[in-house]
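Please open the model in your viewer, with the sequence panel beside it, and follow the stops below in order. Each stop gives a selection to make and then describes what is there.

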Amino acid sequence: MPFVSAGAEISVSTFFCPHCEPVTFLRDLPRFRYLWLSKAMSSAGAGVGRTALVLFAASSGPGAVSLVLVGTALPLLAGPLAGAVADRMDQRRLLAGCEAGQGIVYAVMALTQPPLPALLPLVILASLLATFGAPAGKSAVGRLVPAERRSRANALLGLAMNLQIIAGPAIGGVLAGTTGISVAFGVNAASFAVSALLLTRLGPLAPLERPAPEDRPGLLADTISGLRYAKEHPVVRRLFLGMVIFVTFAAVDNVALVFLVRRALHGPTIEYGIVSAAFGVGMVTASLALTVQANRMPAAFWLTGGAIAGAVGMVLTGIAPSTAVACAGQAVAGAGNTAALVGTDTLVQERVPEHMLGRAFGTVYGGAQLASALSYIIAGPLVALTGPRATLIIGGTGALLAAFVLRSRPA
């Protein structure tokens, strides 16, 4: 089990007993529990929908896959603006509205199964809604969970969101291969509807700062102040730069993997879902371990170690002689990804004042999405030119650079 400190004894019963730490944590914090359940539901459905999108586009070649993934990434560049909105609005209403909106978009996809030119605007709209919900969800943790328990809360929230990468691809691959793309999109739409209903139980999360209307800065001014804060804050600045470097290289995996399975390993559609799910297995395994272990090491340790593990897992996937080895590589990469995200979220929550959390998260993860859009643009031609194996090896090698940026301490 990755990222468990030496000497720790963690058995399966640790995670599935009524008195274990994760169950106790969720029982003790009912408002956080509804947030967790909401993310678990919508994340599993989003994984189904994303797998269906990739398989739908793959029949048109690497360029089409890149185009669809760019469509999912570009709206996320609005992260700084989304962060400013999250700091100004009731975060529960914002979250619920964004989840419900995504459900409607995927219901339209399920009913129409549109061609690529019509599909792209729907993909972009769904991604835009996800963008405006993400900073609110991360910021809410700081308000729902005591400071000394936030590392474990982030690990648990990561576990819920990791269902997108374990249950989603496995279910999505089976549904797309047996019942068709429309059913997979419909399952995703239903998951967002349930998620929105769960969020109605979260309770109000009104903005912390409520100046008089005549004294309140505009949304653009709030957005600019958030960007200025990120530029001047050494930790946020370092996280932004490290994310950009890491994701630029690591995200080529999302384009290359389907062609590694189909062309290099000669696997069927369902096998792609299994290999994709292995990434989620690693993420869930690390999330479970970190719900118990996260507080034993500083957030920076999980951040740097996770970046290194993610890079190593990509290289192992690229050189894999079989599907089983590719699954192992993806599991290592997934575990590293979880550790890095838990480290990132905890560092931001520790170092940034609560009224700036939305903008800090929006900027850091906006940088990650800028990098992913760039990566998807590069990945299609790179796969076509060098093949999926070389693309994964190049991506993993480059991702190691991020570890050096993330480990350096700000002045």
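Helices here are DSSP runs of at least four residues, numbered from the N terminus, and by that numbering Ala189 is found in helix 10, which covers residues 181-199. Keep in mind throughout that this is a predicted model.

**The whole chain**

Begin with a cartoon of the entire protein, whose secondary structure comes to 18 helices and 0 strands. Of its 411 residues, buried ones make up 57%, and the accessible surface comes to about 16000 Å², with 69% of that area belonging to carbon and sulfur atoms. If you display contacts between residues at least 6 apart in sequence, 85% of them join residues at least 24 apart.

**Ala189 in helix 10**

Now select Ala189, and ask whether this residue is buried or exposed. Ala189 counts as buried because its relative accessibility is 11%, and the cut-off for that class is under 20%. Leaving aside neighbours within four places in sequence, Ala189 is in contact with Gly103, Tyr106 and Ala107. Add Ser42 to the selection as well: this residue lies 147 residues from Ala189 along the chain, yet their C-alpha atoms are separated by 8.7 Å.

**The nonpolar cores**

Tyr106, one of the contacts of Ala189, leads on to the largest nonpolar core, which has 79 residues and in which Val65, Tyr106, Met109, Phe185, Leu239 and Val255 touch the most other members. Helix 17, residues 357-386, gives the most to this core, with 11 residues. A second, separate core of 33 residues can be picked out through members that include Phe25, Val145, Leu159 and Val284.

Returning to Leu239, display its surroundings and, not counting residues up to four places away in sequence, you will find that Leu239 touches Leu303, Thr344, Leu347, Val348, Val364 and Leu406.

**Val54 in helix 3**

Select residues 30-58, which form helix 3, and find Val54 within them. Val54 is buried, with a relative accessible area of 5%, and beyond four places in sequence Val54 touches Val65, Leu69, Val258 and Tyr272. The C-alpha atoms of Val54 and Val68 are 7.6 Å apart, with their positions 14 residues apart along the chain.

**Helix 13 and the residue after it**

Val258, touched by Val54, belongs to the set of buried residues in helix 13, together with Asp253, Val255, Ala256, Leu257, Phe259, Leu260 and Val261. Which distance should you check between the end C-alpha atoms of helix 13? Helix 13, residues 253-264, spans only 14 Å, whereas a straight helix of 12 residues would span 16 Å at 1.5 Å a residue. Just after helix 13, select His266, which takes a positive phi of about 55°.

**Ala250 at the end of helix 12**

Step back to Ala250, which lies in helix 12, residues 234-250. Ala250 is buried, with a relative accessible area of 14%, and apart from residues up to four places away in sequence it touches Met314 and Gly395. From Ala250 to Ala371 the C-alpha distance is 9.5 Å, although the two are 121 residues apart in sequence.

**A patch on the surface**

Finish by turning on the surface and selecting Ile308, Val312, Val332 and Leu400, which form a nonpolar patch with about 280 Å² of accessible area together. Ile308 is found in helix 15, residues 299-318, and counts as partly exposed because its relative accessibility is 38%.

Note on methods
Residues are numbered from 1 along each chain as its sequence is written. This is a predicted model: local features need pLDDT of at least 70, side-chain atom pairs count only at pLDDT 80 or more; totals for chains, interfaces and linings use all residues. Side-chain values use heavy atoms; hydrogens and water are left out. Patches are made of residues with over 30% relative accessible area and no salt bridge: like charges are joined within 9 Å, nonpolar side chains (Val, Leu, Ile, Met, Phe, Trp, Tyr) within 5 Å. Accessible areas come from the Shrake-Rupley method with a 1.4 Å probe; for residues, only the protein chains shown count as cover. A salt bridge is a side-chain nitrogen of Lys or Arg within 4 Å of a carboxyl oxygen of Asp or Glu. Helices (H or I, at least four residues) and strands (E, at least two) are DSSP runs, numbered from the N terminus. Buried means under 20% relative accessible area, exposed over 50%, partly exposed in between (1.4 Å probe, protein chains only). Contact means heavy atoms within 4.5 Å. A nonpolar core is a set of buried Ala, Val, Leu, Ile, Met, Phe, Trp, Tyr and Cys residues joined through side-chain atoms within 4.5 Å. The expected span of a helix is 1.5 Å times one less than its number of residues.
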